[in-house]
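Hi there,

Here is the structure I promised to pass along. Have a look at it first, and my notes follow underneath.

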Amino acid sequence: MEQTIDPTLGPVLARTGDERAVLESFLDFHRAVLLRKLRGLSDADAGRRLVPSATTLAGLVKHLTLVERYWFPTLLTPGPGDVYLTSEEDAVASFTLGEQDSVAALTEAYERACARSRAAAASFDLDHVVPHPQLGEVSLRWILVHMIEETARHAGHADILRELTDGESGAL
């Protein structure tokens with residue numbers, strides 16, 4: 001049986017686009033997949049631990065919200081108080097849920113962070129280089145590729161956790 005590919009998916013639409021369009025469409029696709037994994041879940045289900053680590057669906061979204069902030073606005077367009085966190089404690093805290101971390105609040109925060117990331121990136125060409133506290137320098141191109149990898153990896157984790165939660169699986 002021949003399967004068709006949804007022609008409205010961003011990566012499909014950008015299949016003959018320039019480098020930036022391809023990179024941005026893949027990142028936006030994986031961002032959307034992550035949020036689809038939360039759709040229809042209660043706060044309790046989204047925050048439930050289903051694997052030996054402390055990883056939860058809600059925790060993945062909280063983590064990627066912080067990752068968006070660090071890799072785009074904090075590096076590209078830092079404002080007062082923007083600090084790139086590098087400690088192991090900060091990494092663990094980025095997945096840790098608090099009372100205020102409902103599915104709705106986490107979704108809204110992630111969507112805002114992604115919009116802010118898009119706006120920060122739009123101001124620079126792919127060859128723009130910024131200092132990074134651990135790596136020396138990174139280009140916007142490198143940041144986009146890294147964020148595709150990071151977001152896709154965690155979207156895959158989210159897919160497994162969602163399947164363990166209620167049997168739902170698949171990217172779409």
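**The strand pair**

Strands β1 and β2 (residues 136–139) are antiparallel partners, held in register by four bridges. Please keep in mind that this is a predicted model. A hairpin of three residues leads from β1 into β2. Across the pair, Pro131 sits opposite Glu137 of β2.

β1 itself covers residues 129–132, and its two faces differ in cover: Val130 and His132 are on the covered face, while Val129 and Pro131 are on the uncovered one. In a regular strand, side chains alternate between the two faces of the sheet.

**The largest pocket**

Which residues lie nearest the centre of the largest pocket? They are His63, Val67, Tyr84, Leu85 and Ala91, out of 17 lining residues. Two or more lining residues come from each of α4 (57–76), α5 (88–93) and α7 (140–166). α4 contributes the most, with five residues. The space in this pocket is about 310 Å³. Sorted by class, its lining has eight nonpolar, six polar and three charged residues.

**Helix α7**

One of the helices that line the pocket, α7, can be checked for length. It has 27 residues, so at 1.5 Å a residue it should span 39 Å, and the 38 Å between its end C-alpha atoms agrees with that. Directly after α7 comes Gly167, with a positive phi of about 90°.

Happy to talk any of this through whenever suits you.

Best wishes

Key
Residues are numbered from 1 along each chain as its sequence is written. This is a predicted model: local features need pLDDT of at least 70, side-chain atom pairs count only at pLDDT 80 or more; totals for chains, interfaces and linings use all residues. Side-chain values use heavy atoms; hydrogens and water are left out. Buried means under 20% relative accessible area, exposed over 50%, partly exposed in between (1.4 Å probe, protein chains only). Two strands pair if DSSP finds at least two bridges between them. On a 1 Å grid over the protein atoms alone, a cavity is a set of points where a 1.4 Å probe fits but cannot get out, and a pocket is an open set with protein on both sides within 12 Å along at least five of seven lines; lining residues have an atom within 4 Å of a point. Grid points are joined across faces, edges and corners, and a volume is the space filled by probe spheres set on the points. Ala, Val, Leu, Ile, Met, Phe, Trp, Tyr, Cys and Pro count as nonpolar, Asp, Glu, Lys and Arg as charged, and the others, Gly among them, as polar. The expected span of a helix is 1.5 Å times one less than its number of residues.
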